[in-house]
Amino acid sequence: MFDFKCSMQAQLDNLWLKPEDLARGIDVRVSSVRKWLDPELDCVPVKDAFDWVYDQTEKLGNLTMHCLNEANESAEKFGRHILRWYRDEDLPETEPMGLYKLASHLVADQLEAKDIECSFVYACRDDEWIEQHLDDFPDLDPKAEFSAWADILGVPTSEIAMGLGITGRSVKDWKNPKRDTMLPVDEAWDFLEDYADAIEYRTAELLESKPNPMPYHPMTRLGTLLKQERIDNLAALAASKQLMADGKTVVDFAYV
């Protein structure tokens, strides 16, 4: 039997969306969405939920094109491709912030495929700030770069703090554009690099075994996952994209 619950969770994760986004989008309670995603409960997502997710996929395409155009414009203005990265306060509460971040990430992948270097900058930075800081740091805005990489890898602030034996406040300061002098330390970048290696290794394992359906871990009722479960889910999404790149292969997901 097709796993509608897992399919919905995988689609939300693939679009960097949360249950709260779906609940707001179709005007239902978050608790209802969590019930649809809970493998222990006998209820499945309604058609409106799948329709909304499909609409977000189309919106993502438009946002990605807009982001690519902005990156090309920045290359003309500043001599380098610059991609915007978003924080909660950069968008209205009605906007699914994950889509905007994901659009920037997808453009970064497109540019990398063409051997074009790009930099991340927080959306709150205006052109004047960018011009003043073009030569300050190799990455232009290391805070945005660090935040973007952590978001792309799906690493929570708490896990970075625990891995480095520091407080969560320190990690938040590294990401906070208002704390200009608080920059990520070398150990933090190393932590993210090791995390990326773990995802890449797990992705390779899934590509070799090609399980059908692809195993996926459900969220707990508190909306959390263990570190390895997050790595497994990200690897499953990455592997499925590569397997479906031929346009013929279909990959299903099932909760484990």
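Is L140 buried or exposed? In this predicted model, L140 is buried, with a relative accessible area of 0%. The residue sits in the loop between α6 and α7, and its backbone deserves a second look: phi of L140 is near 70°, a positive value in a residue that is not glycine. K210 offers another case, with a positive phi of about 45° although this residue, too, is not a glycine. K210 belongs to the loop between α10 and β3. Its surroundings can be described in terms of accessibility: K210 is exposed, with a relative accessible area of 54%. The loop between α10 (186–209) and β3 (214–216) is also the place of P213. Here the peptide bond from N212 to P213 is cis, with omega near 5°.

Attention turns next to charged side chains. Side chains of opposite charge can pair when their charged atoms come close. Searching the whole structure gives 15 salt bridges. One of them joins D127 and R84, whose closest N and O atoms are 3.7 Å apart. This pair links distant parts of the chain, since D127 is in helix α6 (residues 127–133) and R84 is in strand β1 (residues 81–85), 43 residues apart. D127 is partly exposed, at 31% relative accessibility. Neither D127 nor R84 should be read as an isolated pair, for K77, R84 and D127 are linked in a network of salt bridges.

A further salt bridge connects D151 with K101, and here the closest N and O atoms are 2.9 Å apart. D151 lies in helix α7 (residues 142–153) and K101 in helix α5, so the pair ties together parts that are 50 residues apart in sequence. The partners fall into separate accessibility classes: D151 is partly exposed, with a relative accessible area of 23%, whereas K101 is buried, with a relative accessible area of 12%. The side chains of D173 and R179 also meet in a salt bridge, at 3.6 Å from N to O. In this pair D173 counts as buried, at 8% relative accessibility, while R179 is partly exposed, with a relative accessible area of 38%.

Helix α5, the home of K101, spans residues 97–113 and also holds L102. L102 is buried, because its relative accessible area is 3% and the cut-off for buried is under 20%. Leaving aside residues up to four places away in sequence, L102 touches N14, L15, W16 and L60. Another residue, V44, is 58 residues from L102 in sequence, and the two C-alpha atoms are 26 Å apart in space.

What, then, of the cysteines? A disulfide is a covalent bond between the sulfur atoms of two cysteines. The count in this model comes to zero disulfides. The distances help to show why. For C6, the closest cysteine sulfur is in C43, 15 Å away, which is too far for a bond. For C67, the closest cysteine sulfur is in C118, and the separation of 9.1 Å is again too far for a bond. The cut-off behind this reasoning is 2.5 Å between the sulfur atoms. Both of these cysteines are shielded in the sense of accessibility: C6 is buried, with a relative accessible area of 0%, and C67 is buried, with a relative accessible area of 8%.

The packing of helices can be followed in α8 and α9. Helix α8 (residues 157–164) and helix α9 (residues 168–175) pack at an angle of about 120°, with their axes 8 Å apart. That angle makes α8 oblique to α9. The crossing of the two helices is right-handed. From α8, the residues T157, I160, A161 and L164 take part in the contact, and they meet G168, V171, K172, W174 and K175 in α9.

Technical notes
Residues numbered from 1 in each chain as written. Predicted model: local features only at pLDDT ≥ 70, side-chain atom pairs only at ≥ 80, totals over all residues. Heavy atoms only, no water. Helix = DSSP H or I, 4+ residues; strand = E, 2+ residues; numbered from the N terminus. Buried < 20%, exposed > 50% of the residue type's maximum accessible area, 1.4 Å probe, protein only. Contact = heavy atoms within 4.5 Å. Salt bridge = Lys/Arg side-chain N within 4 Å of Asp/Glu carboxyl O. Axes fitted to C-alpha atoms, helices over the stretch in contact; angles between N-to-C directions. Parallel < 35°, antiparallel > 145°, perpendicular 65-115°, else oblique. Left-handed = near helix turned anticlockwise from the far one by under 90°.
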